[in-house]
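Please look over the backbone of the chain shown below, paying attention to its loops. The report that follows describes a few unusual spots along it.

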Amino acid sequence: MKTRIIAFYLPQFHTIPENDEWWGKGFTDWNNVRKAKPIFDGHIQPRIPWENNYYDLSKPETIKWQAQLAKDYQIYGFCFYHYWFNGKLLLEKPAELLLANKDIDTHFCFSWANEPWARTWDGKAHHVIMPQEYGDKSDWERHFKYLLPFFHDKRYIKEDNCPMFLIYKSGSIKRAAEMMACWNEWAKESGFNGIHFVETLRNNEVEKRELPFKAKVEFEPMRTLSLQPFLVLNYKRLRRKIVYCLNKIFHSEIPLNVPFQFAHVTKRSLNLKSPMGTYGGVFIGWDNTPRRGLSSTIILPPSKEDFKNYMEEKMKITREVYHTNYVFVNAWNEWAEGTMLEPDKYMKYAYLEAIKELNTDDKI
């Protein structure tokens, strides 16, 4: 059973009126990426796209290029982050361009990033600029009807004639069971067998309700970092507070967190087994310095071989332990969080090459 690799896809790289209002005219995530500075010796910042390709996702040719690149390197498809705030859409243009351009050859699905938007990029995390509300049945139906043309697209990923739809934070949806039941019914009325709902395993919060999820997906590295021992987490919180105070007093610039070694995190990631029926998850380093500065969390970028070994082992676990054939990579293009398959000046095409080598190997 060949593993299908799906990469999470951030649609942030084009201008929208809301970002113009909140962050300044012309803002995209590239603004954060470009202005990043190293915060310790040997720190690789800013991360620069290969051939300075600071692309614009409002152009269909950009998405066509991405889709072809992904296909060339054995990436099965993209999982677009979907931002829906009770009828208000944000960053929807790339997915809508994909829907409109049937010649773009890639599979895709959605992950509903159902969190409120807050000013985390400038240190005001409690200042909500776009609240997340869920409404009632009429609002759920409006959401479903928006998604229906995507679901009907032959490129949309389906399991047993059920469109795959990830929910990032099901615990925030109080009437989730009722909403999901409605969606399943409307999907059947639309010619499907229901919705292939997928629960996101992103931290130690467990969904205790009996919800009609068909599968789970590991969201790394958040899943692994959140499951550290209690004493370790408390020690790190205390250290951050102390370093923050020292920086304030002495006007120093000491990073609040000690960088993780990739091998240390991936070892724990591989040891933390999920239930059978889960889709595996991997990541490619992590570095949100462009957004968080001195308070960033950093997992040092792996070599090609380190990433390949991690990917290979997670693919094996997914097949032999979870008995599924999807592995989700975080991410295709999370440039401001330092985890991307797209080529950059530092690693070039190394991570894409690793996946291609694994997915064309006889034992996969």
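## Backbone details in the loops

Leucine 91 is buried, since its relative accessible area is 3%, and a residue counts as buried when that value is under 20%. The model is a predicted one, and in it leucine 91 sits in the loop between strand S3 (88-90) and helix H4 (93-100). Its phi is near 55 degrees, which is a positive value in a residue other than glycine.

A positive phi also belongs to lysine 348, which is not a glycine and whose phi is about 55 degrees. This lysine 348 is found in the loop between S14 and H12. With a relative accessibility of 42%, lysine 348 counts as partly exposed, because that class covers values between the 20% limit for buried and the 50% limit for exposed.

Two peptide bonds of the chain deserve a separate look, and the table sets them side by side.

| Cis peptide bond | Omega |
|---|---|
| glutamine 45 to proline 46 | near -5 degrees |
| asparagine 330 to alanine 331 | about 15 degrees |

Where do proline 46 and alanine 331 lie along the chain? Proline 46, whose bond from glutamine 45 is cis, is placed in the loop between helix H2 (29-35) and helix H3 (60-72). Alanine 331, joined to asparagine 330 by a cis peptide bond, is placed in the loop between strand S14 (326-330) and helix H12 (350-359), and lysine 348 likewise lies in the loop between S14 and H12.

Terms used:
Residues are numbered from 1 along each chain as its sequence is written. This is a predicted model: local features need pLDDT of at least 70, side-chain atom pairs count only at pLDDT 80 or more; totals for chains, interfaces and linings use all residues. Side-chain values use heavy atoms; hydrogens and water are left out. Helices (H or I, at least four residues) and strands (E, at least two) are DSSP runs, numbered from the N terminus. Buried means under 20% relative accessible area, exposed over 50%, partly exposed in between (1.4 Å probe, protein chains only).
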